Amino acid sequence: RQQLPPGPAPPPVPSGHGSQKGLPDPVRRVPVRGLERPAAALPLGPAPPGPPGGRGGRRARGEGGVGPRQGGGGGAAAAQANLAGEVIRLAEEVEVQLETQKKLLKQIEDHRAAWARQRDVGKRQTGHREEVQDPREPSEAPQERQEERGQTQKVGVATPAEATPPRPNEPIIPILVIACDRVTVKRSLDRLIQYRPSAELHPIVVSQDCGHAETARVIGSYGDQVTHISQPDLSDIRVRPEHRKFQGYYKISRHYRWALNQVFGAMGHSSVVIVEDDLEVAPDFFEYFRALYPVLRADPSLWCVSAWNDNGRDALVDPAKPGLLHRTDFFPGLGWMLLRDMWAELEPKWPPAFWDDWMRQPEQRRGRSCVRPEVSRTITFGRKGVSLGQFFDQYLRYIKLNAEFVPFTKHDLSYLLKEKYDDAFVKEVYGATPVRIEDLQQGGGLRGPGPYRVQYSSRDSFKVFARNLGVMDDLKSGVPRTGYRGVVSFLHRGRRVFLAPPEGWTQYDVSWS
């Protein structure tokens with residue numbers, strides 16, 4: 001190499017390894033082609049290594065192409081020239097990195113614009129009502145995750161694409177995954193991440209109970225794609241002697257309460273979709289909840305949206321109508337949306353155990369309903385659990401998962417609002433052809449696809465008819481599964497059937513439970 005001419009002597013620097021930023025002091029401020037920029041604000045990376053005890057950016061004698069040491073002032077001049085060369089090299093590297101970052105940011109913005117056009121989120125119309133907007137107010141922005149030991153193991157870090165605030169009419173709907181000791185949570189998380197249209201609009205929070213190390217490692221393997229929090233209280237709960245076998249139900253209820261308080265309180269979200277670690281979601285799972293979010297907010301007679309159909313077996317649903325939605329008085333769970341205002345009502349009286357049946361009691365339901373799909377947007381693959389698979393082998397394993405993407409956000413869903421839905425529903429049910437159960441089972445004398453109505457008049461007649469038609473026969477607080485105004489709607493041998501109480505029904509009888 002040519003020997004660089006000696007330049008002006010660098011300013012004196014203190015001993016040590018540079019400033020607190022970890023960069024060599026002689027390059028804290030470098031001239032870059034006429035623009036003076038503080039080097040501390042630039043992504044220079046680590047300082048070039050120097051000999052032990054020396055200053056970063058200086059090379060040892062005889063290394064890096066510096067010529068033989070000259071005697072007297074010649075050696076000082078060579079050292080100064082070497083330092084000047086290092087400064088120039090670093091400045092050029094800075095410029096290259098800045099240009100690269102500009103190109104990457106431009107690509108990110110281009111991709112974000114394309115994705116936004118494809119999603120067209122927030123431009124739905126729902127008939128006569130105005131679109132509900134949910135801008136994230138400063139008070140609702142996710143707060144710093146709690147750093148207390150045992151509460152937060154991994155905090156999601158926003159990527160550059162996630163750092164841009166959402167548009168005002170794009171609500172953020174997080175997904176809360178309730179986990180314990182199933183390493184198969186991987187199957188659930190894989191599908192959620194695969195079908196998620198935006199990490200920004202649908203952050204995934206995995207709340208783990210039980211302290212199971214292997215499950216924690218599986219969750220941790222997803223890195224910043226999820227936020228992993230841990231329920232800190234793993235102690236047994238004191239219960240009545242006859243409830244010792246139900247200890248698991250008590251812990252689940254405790255976990256739900258803690259996790260929901262984290263999402264609505266510590267993280268400041270205004271809504272959440274709750275799934276458990278043994279659920280697999282459909283391709284349009286996120287589309288379904290985004291479309292129904294404004295309906296849930298607009299109609300005070302609704303208190304949840306569920307992705308689950310309790311009578312969702314293949315033979316009982318209409319595969320030609322994957323976009324058909326229903327109201328139901330039965331709380332389905334298994335992938336359901338809850339608003340913060342509703343949690344504020346439920347949290348102070350949250351039960352110590354059996355939270356799902358508690359939700360089905362009239363004191364909590366208060367005459368309100370949920371929305372459910374004709375074809376389920378979730379299925380469960382977890383036979384292992386506190387219920388010991390009591391329903392899994394008989395019912396749950398046969399539930400059909402929707403495979404066809406339905407663009408719900410482009411549909412008019414105003415028909416689900418109570419003032420529209422009830423009149424049309426009553427007319428359809430009690431305008432259907434009344435038949436005996438024997439007629440349905442034989443099928444020979446029936447004409448057309450229906451609808452047909454089978455009437456029950458007592459708890460016992462309902463259970464007998466339900467068993468013979470293949471639908472679930474249990475009732476909770478007098479409400480049949482999927483029931484609305486006492487009516488259970490399903491397909492039987494390709495015909496629409498309503499298992500219904502007499503016309504003029506007014507309320508459920510809790511003694512039927």
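Gly450 sits in the loop that runs between helix 10 (437–442) and strand 15 (452–455) of this predicted model. Pro451 belongs to that loop as well, and the peptide bond joining Gly450 and Pro451 is cis, with omega at about 15°. Gly450 has a relative accessibility of 35% and therefore counts as partly exposed, since that class covers values from 20% to 50%. Val497 is 47 residues away from Gly450 along the chain, yet the C-alpha atoms of these two residues are separated by 7.1 Å.

Two further loops hold residues with backbone angles worth checking. Most residues other than glycine have a negative phi, and most peptide bonds are trans. Ser477, in the loop between strand 16 (475–476) and strand 17 (479–480), has a positive phi of about 55° although it is not a glycine. Ser477 is buried, because its relative accessible area of 18% is under the 20% limit. Arg485 lies in the loop between strand 17 and strand 18 (488–492), and its phi is also positive, near 55°. With a relative accessible area of 27%, Arg485 is partly exposed.

Helix 5 spans residues 285–298, 14 residues in total. The distance from its first C-alpha to its last is 21 Å, close to the expected 20 Å. The helix nevertheless contains a kink of about 35° at Leu292, shortly before the proline Pro294. Helix 5 is mostly covered, with twelve of its 14 residues buried. Both Leu292 and Pro294 are among the buried residues, as are the charged-type names Glu287 and Arg290.

Technical notes: Residues numbered from 1 in each chain as written. Predicted model: local features only at pLDDT ≥ 70, side-chain atom pairs only at ≥ 80, totals over all residues. Heavy atoms only, no water. Helix = DSSP H or I, 4+ residues; strand = E, 2+ residues; numbered from the N terminus. Expected span 1.5 Å × (residues − 1). Bend = angle between axes of the 7 residues up to and from the residue. Buried < 20%, exposed > 50% of the residue type's maximum accessible area, 1.4 Å probe, protein only.
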